[in-house]
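Visitor: I'm new to this one. Could you take me in for a close look at a single part, and then show me what sits around the rest of the chain?

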Amino acid sequence: MWKLELILSILGLLRGTESLDEIRYPDDASVYIGGFFSVYLPGPNGCSSTVDPYSIQEFEAVRWIIDKLNDNTFLKAGEKIGIHAYKTCGIPEMAASSAIDLSQTYSNTSQSPILFALLSPTKSSEAKHVSRLFSLLPENDRLLMLSFGATSTKLADQSLYKNFFRIIPPDSVQVRVMLQLMLELKWNYVGIIYEDDDYGKDAAQLLKTLTSDKGICVPVYSSFNNTNIDEAFNPFVVDVLNRKLSGIIYIGSGNLITKLLELFQTSSSARDIEIIVSESNRLNSLYFRRISQTYFPISRGILVTSAPKIELQEFTEYWKNIKTKQFSKSWISETGDAGVLDSEQSVYVNYAVKAVLVLANLFKKLTIQHCASNAICPRLRRLSKQTYIDEMNDLKINLTTEFPYTSRMFQNTLAENITFKTNREINYNSEPNQSEYEAFNFQQCTGLTNCRFVKVGDYRIGRLSLNKTLISSYPLRESEGPNTRLPSVQCPNGTDCDKCIPSDISDHVIFVEGEWYVVAVVPVFIPDETNTLLCTNTIRDSFGNDIAESIKFTIEEINNPNNTLISSNKKVGLIVINGCASQLVIKDKILRLHKGTYELRPGLKSSEINHRILGYVGGMSGSMSAAMAEILAKLGYVQVSFASTSPLLSDRTLYPYFLRIPTADDQQAQVVIDIVTSLGSNIIQVIYTEGAYGGGAHVTLEKLGKDAGVCVIGHKVPVTTEYTLYNGLLAKLRETPQAKLVVTFVRSHVIQQVIKAVTERMTESEFIFIGSETWGSRESVIPEQQRKVYGSLSIALELPPVTAFNSYLSKQNINDPSDPWLRHFLEKMGQCIFTGSFQRAGKDEVIGKAKECDLERLAMSIYDQWVPFAIASTKALVKGLENVLSATTCGQPATSCPEQNPTKLAEYMKKNVKLDLYGTGSQERVFDDNGDGVVKYKIMHVTPEGENPYKQVGSWSKSQGIIFSKDSLYYPVKDYNSVCLTDYTCNKCFPDKVGKTSSQQSKDWKIPMLVVLACLLGISVIIIVIQCYRSHRERHLQDPHYAEPMFNLRHDRGKDPPNQVTSDIYLTVPANSGSGSLTRSADEPHQPPQPCRTTPAQLS
């Protein structure tokens, strides 16, 4: 015992000389169980004067069952069992001090009573103090402690609480019941207020985590304690009302909720509030009453989660007559009744009684093992206290068998088999028909009186069975009865609950846990056009999240036990990243994933799984796939694209590990040229989007068109969903009206806007379209004025639809946080609002005009041509990497795995991966030797005939070429003629041909042109000679008044003198301007006539 005193002295927990209230009953017992009961509620400076009636009732239940044991001679040789109880006032320090006093009371001498176990305090904070205290002791002195009311989940930590067991379900169960209760009632917008002690804090934190995982938003999360109720409750009530919350969760002491109900009831902006209260309420209506003894109107309809309540009728009768009992010590007498006797039976009474029976049975079992006479013997006294703990681990007890006189007591609880799990929690699964937890509804009120708790739900084997027809809800006004239907605890109509919409939702991921992971990159959100490093929070309504969901569907199919795709039984996980069609975003996110800094879900960083990545699926566009392929070539991962068709991606020197299911666009461009030439046309216009997809296709069309004699006129457009930016396209097309055939190579999510912009002001059959596979057979591309696209053709790169995907999608949980984008996608696609949506500003609060979403209808309406390709890509990747899944050396951090060599994997996949792509039952290669797809093209035709606006009129494959039924076209073939009307129009398409033509034409006009030039030169020479002669003759005939040399070209060595312009002509100006004569100066020697400096040769 000196060891105990030393440890307690170090901890500073030894009590003073002042004695604490305690009751030891009976006084002559040979063996005792220690116990801790609050009796009074805590106050600011110790015990308050407010009685805790249920604590007193629970102590009296313990005293009652001990009397039963002794009356039935449970122990032999006249030995009695007793209870030594201490008052703690719910204060952890008082409980620890009482535990010290208790341990010092029993010296364990040959004649002294034995203290062999403890009944835990009902408050978790007290239980932690007491258990931790004894857990620090040597095993020989470590008393077993059994709880009937302390429910904190953290008490199951055996490294800290080495002596702790409990017979009541822990808060981990209660919290899951609360969660399922909210899910069943479709609550998703609630506030949580909890008591800031071990009980409230532990449960609230766990509930907050679980609600987040299930898509339940908790915008108000507050704590309180018994010393700051007003300071905590007032702002909580204001916040709840300001945010228009209609539901709250209360986790804390039962007695403190009274103040909260009063504040809600008296608030000037009070509204109907639904409330769930934790089990600490003990199913007692006392805490819902006003001073006038009537119930708060807001308390009607409260839901309470509780450990199963078993009313012990024998004890109820005993309790009614307890004042007639003569006890030497009684807390009832001390408290002066104080309303104690009016209290209903506490839920904990049943568990307190069971705890005593379990401990008594354990003691008897050890007595039989160690004492031949079945009486207390020295060997039993010397027994290490750890032995009781070890025996408790293996205990299996049937109460009605071991204690026949309790059969009536537990008659409605089957056989009451009790065992403990390895974590020392009671094992309810040993009785699968027995409830592990229950839900109650406070109802059936007469006005504001006579309300009672009605059981409305049972929780067993992890599932809550809730009878919603039994639940009643009441309006705030006192005079009104129950509501005709249960209120909606959701974001109210007319409001956007912004705090519930993550600001970084585009950075979230779809996450499916597994042993290995497929990573998919899909453009779910629209990129930020002002910052290429960011995505917006605007979700795409097609070719985005539907693709992501199809990949998730495939992973779940692969993990199905009946899967035949692979033989490995390893679970394949999934991470879907939003690439938002931005190359920089894609590269950044892939690097974050492999650096280990990407948060995949709350508390899980990618560092925990990045060594178990199988490979990548994606991307959508050519530029997305190129960005992925570039970085994955350095990281060493195989990539399978489901939609990228750019021919640039066929370069294996740049993209060595890139494979794809669809056929490359150089093949599709050939289909276009074959269609054009089949129609007898030789000029086309091409609308193409910037980037690898459109740009690559345009370059290929120009090359193939040049060889086929087809003029290709290109019009590059930006990638934007704002169709007004395409309004100038029609004018561009009209610049070459004879180029009637207009080919589109436009990204899939903007093709609809492009066609809308062109056709709005276009006359019927002014232009006829040939759409690439992004047009395909999508009905959404056809504009409202359908006649304007009648006769158009499109190339469909299609695989058969997977109908099982639509059925799968209709059963998904739209609020599942592991699938964060589904609800937003469906709401935008269907232009509707789901029940429980956090974006309801578009719905009138009173009238409710906005259309409610129908999940099944939306799921069944989804048709995306790329869904089967995404499914095939995922299957191909997993099938091709099956050897990695089976390898024992792969998947460990910092280890080498030969099976993951990307070069070998890519080569293996090209030649060996086969799938039933067309649903015929035939397995076919999905890649050619270069890793490109081999899917056949369909040639579709837009026609008003039949329900489906598309009719197949041809096909194209590498092996067969084009098969085209021109007789099935809407217009006569001549109406499809798109022919150059002038040589100039066609020649501008072929610069090299223009050069050859110019050379030939120059030969045709060169000779006559030279003749003309020669004639002109001859005439010029004659005129010049005549003019020179006349000038010379006039100089001879007249003398000048003066002569001024202007320029002199005679100089040494034929070089020009500096700063002079060469000329040898003198201009003579006569003194008499009227004479008009030109003469030589008298002083000047005679000069012979000089020829003109400019000769015909120089002119030529």
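Guide: Here is a walk that starts at one helix and then moves on to a few other spots.

First, some ground rules: this is a predicted model, where local features need pLDDT of at least 70 and side-chain atom pairs count only at pLDDT 80 or more, while totals for chains, interfaces and linings use all residues. Residues are numbered from 1 along each chain as its sequence is written, and side-chain values use heavy atoms, with hydrogens and water left out.

The chain holds 30 helices and 40 strands; these are DSSP runs numbered from the N terminus, helices being H or I with at least four residues and strands E with at least two. Of its 1100 residues, 55% are buried. Buried here means under 20% relative accessible area, exposed means over 50%, and partly exposed is in between, using a 1.4 Å probe and protein chains only.

Now for the close look: helix 21, residues 751-759. This helix is mostly covered, with 7 of its 9 residues buried. Those are Ile-751, Gln-753, Val-754, Ile-755, Ala-757, Val-758 and Thr-759. And what does the covering? Strand 29 (683-689), helix 20 (729-734), strand 31 (741-745) and strand 32 (768-771) are among the elements that cover the buried residues of helix 21. Contact, by the way, means heavy atoms within 4.5 Å.

Ala-117 makes a good next stop. You'll find Ala-117 in strand 6 (residues 114-119), and it is buried, with a relative accessible area of 0%. Leaving out residues up to four places away in sequence, Ala-117 touches Tyr-32, Ile-33, Gly-34, Leu-143, Leu-144 and Leu-359. Take Tyr-32: it is 85 residues from Ala-117 along the chain, yet their C-alpha atoms are separated by 7.6 Å. On the whole-chain level, among contacts with a separation of 6 or more, 72% are between residues 24 or more positions apart.

Aromatic rings come next. The whole structure has 35 aromatic pairs, where rings of Phe, Tyr and Trp (its six-membered ring) pair if their centres lie within 6.5 Å, and planes under 30 degrees apart count as stacked, over 60 as edge-to-face and the rest as tilted. The rings of Phe-224 and Tyr-250 have centres 5.7 Å apart and planes at 20°, so this pair is stacked. Phe-224 belongs to strand 10 (residues 217-224) and Tyr-250 to strand 11 (residues 247-251), 26 residues apart. Both Phe-224 and Tyr-250 are buried. Elsewhere, Phe-37, Phe-59, Phe-148 and Trp-331 form one aromatic cluster.

Finally, a few backbone oddities. Most residues other than glycine have a negative phi, and most peptide bonds are trans. Thr-73, though, has a phi near 45°; it sits in the loop between helix 2 (53-71) and strand 5 (81-87) and, at 54% relative accessibility, counts as exposed. Phe-543 also has a positive phi, near 50°. Its place is the loop between strand 22 (535-539) and helix 15 (545-558), and Phe-543 is buried, with a relative accessible area of 2%. As for peptide bonds, the one from Tyr-25 to Pro-26 is cis, with omega near -15°, and Pro-26 lies in the loop between strand 1 (22-25) and strand 2 (31-37). The bond from Gly-618 to Gly-619 is cis too, with omega near 0°.
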